[in-house]
Amino acid sequence: MMLQSTETPASILQRRSACRGSFQTGIVLLGLSLFWPGLVPANPVTTENVTARLVAERMEVAPGDTLDLALVFEIRPGWHTYWRNPGDSGDPPRIHWSLPEGVEAGPLRWPRPEVIPVGPLANYGYSERAVHLVALSVPAEWPIGEPVHIRADVDWLVCEEECIPESGRFDLTLPTGAAVGPGPIDPLQADVFAAARAGLPDGRIEGAVLGVTDALLGLVIPSDGLPEEIDGAWFFAGEWGLIEHAAEQPWRLADGLLRIDLSPGAMSDEASPEGLLVIADAGGEVRSYEVAAVRGPLPGAMAPDGPIELPLAFLFALLGGLILNLMPCVFPILAMKALSLINGLSGQGPEAARERVLHGLAYTAGVLLFFAVLAMLLLALRAGGAAVGWGFQLQYPPFVVFMAYVFFVIGLSLAGAVTIGSRLMSLGGARTGSGTAGAFGTGALAALVAAPCTAPFMGAALGYAVTLSWPLALAIMLTLGFGLALPFLLLSLVPRLARLLPKPGAWMETLKQALAFPMFAAAAWLVWVLSVQTGSAGVALVLGGLVLLAFGLWLRERTRGLHSARRRWVLAATSAALVGALYLGVATDRLAAPTLSEGEQSASGLASEPYSPERLAAARDERRPVFVNMTAAWCITCLVNERVALSTADLARSFSDAGVLYLKGDWTNRDPAITAYLADHGRNGVPLYVFYPPDGEPQVLPQILTRDMVLSAIRSSTSGSSGRDG
Amino acid sequence: MKHAFPKTFVVGAVALAATLSFGVAVAAPKVGAPAPDFSVVDTAGETWSLGGLAGKKVILEWTNHDCPYVVKHYASDNMQALQKEATAAGYVWLSVISSASGKQGHVSPAQADDLTDDRGAAPTAVLLDTSGDMGRAYDAKTTPHMYVIDPEGTLVYMGGIDDKPTTDQADIAGASNYVRLAMADLAAGNPVATPVTRPYGCSVKY
């Protein structure tokens, strides 16, 4: 053993002197080393992008002791080297040691990295200078006075946007001293080592939990070891695949726990839940902690995630359902149903009461069934990998056309222009005693026309629901449906309530005819929606379809009571008209969406910049107020809001007066940065309006936006305090 | 009172329209789920879509000829050999260039064809995804970044080409090529044993 260990350094020395023997060869090799830096040892190694060196902290090492080495990269400005998990691309430096027998090198240590955004991606790495410490131990039996020669072959990747793999071979000779204990510090290297130690983790935090929900990973960390006032937090995943590296990481402190919401990566179930937590305290000082989390349910109060909690979501769903009864697209149908109930009251006795109850229950069942089917469809699509939101069915132009037809025909029927067969009539509720099937159909119809109305009231609750496990999501949807069905159910179950309704009379016919107009208005609106989805060609198709439909129904109406043989021809013609109308509707699917011209988009008159997390963060750092508008070309509400709320001159003025930065995120096509931003706010769709006052908490504005809401948000932030109470 | 009706109507109308605010957007691709569709032209100006490849096995290779990690696999003939092996086994091999105009790896159709000839590459087609739409739909992060799609259109593999994330050609010999393993699993009728790995390489230059 002893012999071997003394022999090895000597043989290395021999090789080195042999190498030095030819001075010329050395020069040639040195020249080559600029191109193939791995060939010949050098220290430092200088490449186009990096000057790298391997240095020791102390001028000599005692046998049996350990000393720290530093692998130092001085990096060209704008270029980067990488952390142990490089993020979306890149590669960490790798080191291969050639050490004398008995001498051992520890692993490379990784100072705190930074997040380096690269387009939509993000890397974890270093700018300007990266220093990796390595502990080197020399065996106790090493002969004193015999220097230790070590060699390290290092490969590293350095990138600006382009990447260059580089490598170097480093030789280092360490004298051994007789003194017991560490040798004298090399004063030339003291700064490097001090800076390197400052970048190493300040400690290790135990007891962190990583919990999975459908859409997010929640990391919950006990905050007792952390600075008291936290100004910023970021979790660097130690392994690729655990999280989306580029996604925002909203965090909050509550009850002695720090919670960070992470977007799961491609291997979030398999990757090790460890990494580095970086915290900036109120004084701007940055610390980092190693975190090895345990997977499991999130503790206590932190468990429910998202901006609203579970019971509240159910309450909102129920309230939202109740409100739906008043929507212009639902109210006429319910009003008709209520009228039928009034008529039904004329029948007294247990038989009539039983029928009312049956009607109420059938109606509720109809509503719930429709909501259940829609919810299942939504959840199935979600499971299939498509991110869809409530109301997704209206993304499909033929469905919009179909809905326009439905509203138009109901309108015609209410206005008395056509009489639709008794079965459809009962949908409008014009007749009593049409059976529980009719009531069931009314329920389904009410839900069908109500679904489009849910979004503005239910945005938050549904956005929350789709992040839940499917039974909970289904329960929320059904609660919404139950809210819709509730008033009518109560009326039919409690006759005393029904008696409060006004007495039947001629006014009912007037009301019925008047209610045709909200139906026509809804149809007109849908045609406009279609014009945005498919352009004028789609409008031509749907208008043609409406004419065909009206003609068919008129023909049918005029020939009522004709001889049956001729009647059959008429019915065939009516059916042909109906089929033609449906064909025209389906044909709209093949029309491409018109692209909104730049002029139309910027009709607001407000100068906007495209949203990016970096731009937002930069403006926040400057304490500049920011208004974020997440929009999409296919989002009609967004366009309406931009016209109604965001296009006035005084708004443009108050934006510029207050120095508000207007950031617009276009979600027309999928954009992970925007999807992440929406998810951070518990949403799965646009529009989303967020106002960031110069200081204080960001304020989420309603989806149906008015100019006054925007103005008051800006004013309350400029007129002082926190800007929370708009 | 006068304004009551229009206001109600506007609110109702907006409410109705708000449905459109919830759009269908394709989420991050998932192994075991349908692969995202795309519609991108190749160097000959022909449009390729996943829908048009129904019933075919497809391999997608994100590439950037100037990226050292891509160079590793082309200079060693490793990628070309894999392309020939795959197309012989009935795969449609699409090399995708998502570099934006002016960024590294962006090429004209003619340059792309020259690259294919010079390197003796054998993809079925080279797609020019200059807008980056296809790259974003697939969440392509690096060059190379590999995807394998089965005949049903299901994504069965996404990740690195092999398990040696270096630029050293010498590492190819001892590496496990995940694409080749996925092809073998598919050929044997087995589920792909390693369906997701870390893609390694340069970032895609969106």
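Q: In α16(A), which residues are buried?

A: This is a predicted model, so let's read it as one. In α16(A), the buried residues are A:A577, A:A581, A:L584 and A:G585. The general idea is helix geometry: with 3.6 residues a turn in an α-helix, residues three or four places apart point the same way. Keep that in mind while you look down the helix.

Q: What do the buried residues of α16(A) pack against?

A: They pack against α7 and α15 of chain A.

Q: How do α7(A) and α16(A) pack, in angle and axis distance?

A: Helix α7 (residues 397-415) and helix α16 (residues 564-587), both of chain A, meet at an angle of about 145°, and their axes are 7 Å apart. The crossing of α7(A) past α16(A) is right-handed. On the α7(A) side you'll find A:P398, A:V401, A:F402 and A:Y405, which meet A:A581, A:G585 and A:V586 of α16(A). By residue type, that contact divides into six nonpolar, one polar and no charged.

Q: What span should α16(A) have, given its 24 residues?

A: Use a rise of 1.5 Å a residue: α16(A) should span 34 Å, and its end C-alpha atoms are 34 Å apart, which agrees. Try α7(A) too: with 19 residues, α7(A) reaches 27 Å from first C-alpha to last, close to the 27 Å expected.

Q: How many of the residues of α7(A) are buried?

A: Of its 19 residues, 16 are buried, so to speak mostly covered. Look just beyond the helix as well: A:G416 takes a positive phi of about 90°.

Q: Where does A:W554 lie?

A: A:W554 lies in helix α15 (residues 536-558) of chain A. Count its neighbours: 15 other C-beta atoms fall within 10 Å, and A:W554 is therefore partly exposed. To see the fold bring separate stretches together, compare sequence with space: A:W554 and A:V418 are 136 residues apart in sequence and 6.8 Å apart in space, C-alpha to C-alpha.

Q: How do I read a sheet, and what is the order of the five strands in the open one?

A: Walk across it strand by strand: the order in chain A is β16-β17-β14-β13-β20, with mixed pairing. At the edges stand β16 (251-254) and β20 (294-295), each with a single partner strand, so one side of each has no neighbour in the sheet. Now zoom in on one pair: two bridges join strand β13 (residues 209-212) of chain A to β20(A), and the two run parallel. There, A:V209 stands opposite A:V294 in β20(A).

Q: Which residue other than glycine has a positive phi near 65° in the loop between β8 and β9 of chain A?

A: That's A:E128, with phi near 65°. A:E128 sits between β8 (121-127) and β9 (129-137) of chain A. With 12 C-beta neighbours inside 10 Å, A:E128 counts as exposed. In chain B, look at B:D77, again not a glycine, with phi near 65°. B:D77 lies in the loop between α2 (68-75) and α3 (78-88) of chain B, and with 15 other C-beta atoms within 10 Å, B:D77 is partly exposed.

Q: Is the peptide bond from B:T143 to B:P144 cis or trans?

A: Check omega: here omega is near -5°, and the bond is cis. B:P144 lies in the loop between β7 (142-143) and β8 (145-149) of chain B.

Definitions and conventions
Residues are numbered from 1 along each chain as its sequence is written. Chains are lettered from A and ligands numbered from 1 in the order in which they are written. This is a predicted model: local features need pLDDT of at least 70, side-chain atom pairs count only at pLDDT 80 or more; totals for chains, interfaces and linings use all residues. Axes are lines fitted to C-alpha atoms, for helices over the stretch in contact, and angles run from 0 to 180 degrees between N-to-C directions. Helices (H or I, at least four residues) and strands (E, at least two) are DSSP runs, numbered from the N terminus. A crossing is left-handed if the near helix is turned anticlockwise from the far one by less than a right angle, and right-handed if clockwise. Two residues are in contact if their C-beta atoms, placed from the backbone, lie within 7 Å. Ala, Val, Leu, Ile, Met, Phe, Trp, Tyr, Cys and Pro count as nonpolar, Asp, Glu, Lys and Arg as charged, and the others, Gly among them, as polar. Two strands pair if DSSP finds at least two bridges between them. A residue is buried if 20 or more other C-beta atoms lie within 10 Å of its own, exposed if 12 or fewer, and partly exposed in between; C-beta atoms are placed from the backbone. The expected span of a helix is 1.5 Å times one less than its number of residues.
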